[in-house]
Amino acid sequence: MKLSGYVRPDGSVGFRNHVAILSSVGCANDVSQKLAHMYPNALLLTHRQGCAQLGDDKEQSARALMGIGKNPNIAAVLVIGMGCESITAEYLTEEISKTKKPVEYLMVLEEGGLMAALPKGARFLEQMISGASQMTRVSCGLDALTLGVKCGLTDTTSGIASNPAIGVVADMIIESGGTVVFGETPEVIGAEHILAKRAATPGVEQDLYRVVKECEERVKASGMDIRGANPAPGNIAGGITTIEEKSLGAIKKGGGKTLQGVLGYGEIPKGKGLYFMDGPGRTPEALTGLSGAGAQIIIFPTGGGSPAGSLISPVIKVTGNPRTAQRLKDHIDIDVSRIIKGESTLEEAGESVFQELLNVASGKATKSERLSYGMISIWNIGPHM
Amino acid sequence: MRSRCLSRSMARPFSVQTNDINKREESKMKKAIVIDLKDNVATLLADVDANDVVHVMMGDKTNETKVQESIQFGHKFAMKTINKGQNVVKYGEVIGQATQDIGEGQHVHVHNVESLRGRGDLA
């Protein structure tokens, strides 16, 4: 089974060929936006983090931003900072440059302000866009793929149809030497004992139990019932009663292979196979984390029909709910509702999703890509000072 | 008291809108699925009204159960009586506990089931 993509200097393969303008800090967003206005073909990546953060929270934001810059779908990166932030443009550039892809930075205050920074940034972008535009796709194997999997607007069809169908795809990719990253720690609560049985080592098993416990402890520290936040009102309207029920359906999206490791949010896996990434279920943060972990493509099972996308990694939306498939055609890429009608097996449905994955990898735009639906949102776990 | 208020607002069915075509198609089927033989709930694959007889698929077997109330597509009903304090089982696993007695064919959802996990309100 062959894909076609853009081979990067480090040997990784992108299935998109973006030139990114990446803010290292929220204060630089204005500058990034002005450059993106001059170069609409560049991919604008703005966010609200990067400064006045503490410890693990700062580390996590830096890791996610580095991972985004390193994502193989990005051909070249211009990092924009102010020069006064804690996650500096210089630092991100140094890390991203380990991939040997073209990467430059601007620190607006050091350049002498906005008016001086803009022409310099424009010059970098002009060169990067010229370079990227001359790259061509070449054939590669599935071992080049890191697939992200995230479910959203879950209903009770998700655990019966779309999640297990995508689990079939996850298994196929791993059997072909690829990598699959799934996550959403709150949506393992009540199902961790099932996933833990598939841990490659006792250390991986402990890591999984640890992140789930930390997640549940955060809920307990809030003094609130998790219900209402997760399952969210949309999940409950779709028939999901408790977090345990949601989790037992959610873990099926990762398939049935051995769990090789538990990643921090936005952390790039060191090997091949199946990985779990710690992080929230909330869609923008979950998708951003998967792009940071290096997923070139994300498959997104949805019951109620979330329109969400990622700016960096094409998102393939799959529903097992026949009403959603009919009502939200603009947002759903693949309809696997024949499963619950008893007209299709999980394997057949998985095959149809897999075929779409091959098409998307080779350039077909997903529904959310056509609509430019997406945002960067980094999971924030500490106070802002 | 708080959980009752929460349950009402959360049960508001805004995302499951039915159009007429769907309703006509599904009125012919009225199916439900039991995922694991240990389960005491079934998931509906159609909207049902009180006293509808539902064909419940349980692996290779099918069973017929009469539902006692009108319940939406995708929601669950009890396959047998679940007494207050008993576990609600789906996927062969515990998904919560009944907060009141639930009769066979009755709707099983946030109004009569509570989570055993993520309960900061009880911590």
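In this predicted model, strand 6 and strand 7 of chain B form a hairpin with two residues between them, and Tyr91(B) in the turn has a positive phi of about 60°. The two strands of this hairpin, strand 6 (residues 87-90) of chain B and strand 7 (residues 93-98) of chain B, run antiparallel and are joined by four bridges, with Lys90(B) standing opposite Glu93(B) in strand 7 of chain B. The hairpin belongs to an open sheet of three strands in chain B, which has the order 6-7-9 and antiparallel pairing. Strand 6 and strand 9 (113-114) of chain B stand at the edges of this sheet, and each has a single partner strand, so one side of each is left without a neighbour in the sheet. Between strand 7 and strand 9 of chain B, the antiparallel pairing extends over two bridges, and here Gln97(B) stands opposite Glu114(B) in strand 9 of chain B.

The description of this sheet leads to the contact between the chains. Helix 10 (residues 243-250) of chain A lies across strand 6 and strand 7 of chain B, and its direction runs at about 165° to strand 7 of chain B. Considered as a whole, the contact takes 41 residues from chain A and 45 residues from chain B, and the two chains bury about 3500 Å² between them, with 55% of this area on carbon and sulfur atoms. On the side of chain A, the residues that lose the most area to chain B are Arg227(A), Ala237(A) and Arg323(A), which together account for 21% of what that side buries.

Within chain A, an open sheet of seven strands has parallel pairing and the strand order 10-11-9-8-12-13-14. Its edges are formed by strand 10 (259-263) and strand 14 (334-335) of chain A, each of which has a single partner strand, so that one side of each is left without a neighbour in the sheet. Strand 12 (residues 297-301) and strand 13 (residues 315-319) of chain A pair in the parallel sense over four bridges, and the bridge partner of Ile299(A) in strand 13 of chain A is Ile316(A). Helix 6 (residues 156-175) of chain A packs on this sheet, where it touches strand 8 (146-149), strand 9 (179-183), strand 11 (273-277), strand 12 and strand 13 of chain A, and its direction makes about 155° with that of strand 12 of chain A. Helix 11 (residues 283-292) of chain A lies across strand 8, strand 9, strand 11, strand 12 and strand 13 of chain A, running at about 150° to strand 12 of chain A.

Helix 11 of chain A also packs against helix 2 of chain A, at an angle of about 60° and with the axes 7 Å apart, which makes helix 2 of chain A oblique to helix 11 of chain A. In this contact, Ala64(A), Gly67(A) and Ile68(A) of helix 2 of chain A meet Thr288(A), Ser291(A) and Gly292(A) of helix 11 of chain A, and by class the contact has two nonpolar, four polar and no charged residues.

Helix 2 (residues 55-70) of chain A packs in addition with helix 3 (residues 89-96) of chain A, at an angle of about 50° and with the axes 9 Å apart, and these two helices are therefore oblique to each other. The crossing of helix 2 and helix 3 of chain A is right-handed. Helix 2 of chain A contributes Ala62(A), Leu65(A), Met66(A), Gly69(A) and Lys70(A) to the contact, while helix 3 of chain A contributes Tyr91(A), Leu92(A), Glu95(A) and Ile96(A). By class, this contact of helix 2 with helix 3 of chain A has six nonpolar, one polar and two charged residues.

Definitions and conventions
Residues are numbered from 1 along each chain as its sequence is written. Chains are lettered from A and ligands numbered from 1 in the order in which they are written. This is a predicted model: local features need pLDDT of at least 70, side-chain atom pairs count only at pLDDT 80 or more; totals for chains, interfaces and linings use all residues. Side-chain values use heavy atoms; hydrogens and water are left out. Axes are lines fitted to C-alpha atoms, for helices over the stretch in contact, and angles run from 0 to 180 degrees between N-to-C directions. Angles under 35 degrees count as roughly parallel, over 145 as roughly antiparallel, 65 to 115 as roughly perpendicular and the rest as oblique. A crossing is left-handed if the near helix is turned anticlockwise from the far one by less than a right angle, and right-handed if clockwise. Contact means heavy atoms within 4.5 Å. Ala, Val, Leu, Ile, Met, Phe, Trp, Tyr, Cys and Pro count as nonpolar, Asp, Glu, Lys and Arg as charged, and the others, Gly among them, as polar. Two strands pair if DSSP finds at least two bridges between them. Buried area is the accessible area (1.4 Å probe) that two parts lose on being put together, summed over both.
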